[in-house]
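Let's take a friendly walk through this structure together. Keep the sequence and the 3D view at hand as you read.

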Amino acid sequence: MTIRSHAQSLGFVVLAAAGLTVFTGCPRSESSHKGELLLWHWMTDREDAFQQLAEQYQKETGIKVKLELYAPSDAYASRVRAATQTNTLPDIFGVLGETRDLSSFINSGHVANLQEAMSADQGAWQKQFFAKALANNSFQADNQYQVPPGIYGVPIDVTNIQMLYNKDLFKQAGLNPDKPPQTWAEFLDDWHKLKAANIPGLVSGWGETWMIDCFASNYAFNIMGEKKVLETYRGHVPYTDPDWIRVLTVFDDLRKENILVSGVITMVNKTAEQTFANGKAAFAFNGSWCVNVYKGMNPDLNFGTLLPPRISDKYPMRIWGGAGSSFMVNAQSPQRDDAIKFLEWLTQPAQQVVLSKETFNLPSNRQAVADLPPALASFASQMDATTHPSQWPVTEAPTITEALDKGIQSILDGEKTPADVAAEVQTLKQQQATQ
């Protein structure tokens, strides 16, 4: 779903811009002229790298790319919102928000369909990307937002969310630092050894409920498979189903085993990152952006990644991931073709390598991953295992998701049982279905 603050790192996570209204009219671009492109962005961590690449592009093509940074992301979102009202969007910009927000921009005539450019030369440009990266900015035929099918954004990086473990703490507990747990049983067994060595367990920013939702989704896909999860959202499978009870029991297991670091239920992710970076937790649940964050907090941190330990062998473990940050082309820009050519250049392997090395973000171009640092490479290796609500044909109602996530917090607090939460969520879903 930029990557600061971390909910905003994912182009598919609800951002400060969520719920914005896009005004229609006769769109026009911000004042620009041939030989110059105007690009708005919000990524403070990439400003220097962008500037370096813009200067290189001008030397190669003669076309100047003028960068304008608006931060933090809520300020950027306000700037873009205002530009839709006055029809002064730049040649290149990003849309922060959910799929419905991007669809509003598209249906209002502000975002160009890039399918033709992506498909040129037998799809040469499109084939370079991780498929899951393009999925966040793509619409299939007959989609619920009535957007014409096509690709509407260019991902400049990708991201996914996994578990991490502190290799030095593993050694301290007598565990093999090169063999993290693969199953839930192995995870519990390793935890018992860590606990015996007085080493704290798992930390994550679960005061931000979207991260709880992410973790629960991982186990829902592993325990019951994608089809049954989506059938639940459609109302055909109740949350009181034994498989959903098992998903909720994962959190009860964490409570009973005392695995969670104190304060996780109300902890923001920045605090959780500092905790893990300081060696005060053996495990963390965090996204690929953490490689850069931990580098700043503790350059000597020795950690590895692992998929959330699976409970079932029947279905694969799916993790949230996809495009991190993306750029769109103003559909009404006089420099539309030049803007597309610049974004195609920006996402070629050489430029992707520069961005990745300068910012420690995963490149969106598959061909640029060969020389990644080990920590980043381990995240990149699991991109094919990613999924996300923005890519699903149906999603749960926000009120139900909120009730489920808050119910999970109650389970972690010991206030409610998995059965209690399942019953409450199912009752709410039935009530909403009859309204």
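E396 is in contact with T232, Y233, Y239, T401 and K429, once its neighbours within four places in sequence are left aside. Please keep in mind that this is a predicted model. To find E396, look in the loop between β14 (386–387) and α15 (398–413).

Two of these contacts deserve a closer look. The side chain of E396 makes a polar contact with the side chain of Y239, at 2.5 Å. The side chains of E396 and K429 are also joined by a polar contact, this one of 2.9 Å. Is E396 buried or exposed? Its relative accessible area is 11%, and because buried means under 20%, E396 counts as buried.

From the loop, step back to β14, which pairs with β11 in the parallel sense over 2 bridges. Within that pairing, T387 in β14 is the bridge partner of W320. Strand β11 covers residues 319–323 and has another pairing as well: with strand β7 (residues 157–166) the sense is antiparallel, over 3 bridges. Here V158 has A323 of β11 as its bridge partner. Why can we call β11 largely enclosed by the rest of the structure? The reason is that 5 of its 5 residues are buried.

Strand β7 leads us on to helix α10, since the buried residues of α10 pack against β7, β8 (202–203), α8 (209–233), β9 (283–287), α11 and β10. Which residues of α10 are buried? In this helix, spanning residues 269–277, they are N269, A272, E273, T275, F276 and A277. As a general point, an α-helix has 3.6 residues a turn, so residues three or four places apart point the same way. Just after α10 comes G279, with a positive phi of about 75 degrees.

Two of the elements that α10 packs against, α11 and β10, bring us to the last stop, the second largest pocket. About 240 Å³ of space lies in this pocket. It is lined by 14 residues, and V291, L301, F303, P374 and A375 are the closest to its centre. At least two lining residues come from each of α11 (290–297), β10 (303–306) and α14 (374–380). What is the make-up of the lining of the second largest pocket? It divides into 9 nonpolar residues, 4 polar and 1 charged.

Notes: Residues are numbered from 1 along each chain as its sequence is written. This is a predicted model: local features need pLDDT of at least 70, side-chain atom pairs count only at pLDDT 80 or more; totals for chains, interfaces and linings use all residues. Side-chain values use heavy atoms; hydrogens and water are left out. Helices (H or I, at least four residues) and strands (E, at least two) are DSSP runs, numbered from the N terminus. Buried means under 20% relative accessible area, exposed over 50%, partly exposed in between (1.4 Å probe, protein chains only). A polar contact is a pair of N or O atoms within 3.5 Å; within protein, one must be able to donate a hydrogen and the other to accept it, and residues adjacent in sequence count only if both atoms are side-chain atoms. Contact means heavy atoms within 4.5 Å. On a 1 Å grid over the protein atoms alone, a cavity is a set of points where a 1.4 Å probe fits but cannot get out, and a pocket is an open set with protein on both sides within 12 Å along at least five of seven lines; lining residues have an atom within 4 Å of a point. Grid points are joined across faces, edges and corners, and a volume is the space filled by probe spheres set on the points. Ala, Val, Leu, Ile, Met, Phe, Trp, Tyr, Cys and Pro count as nonpolar, Asp, Glu, Lys and Arg as charged, and the others, Gly among them, as polar. Two strands pair if DSSP finds at least two bridges between them.
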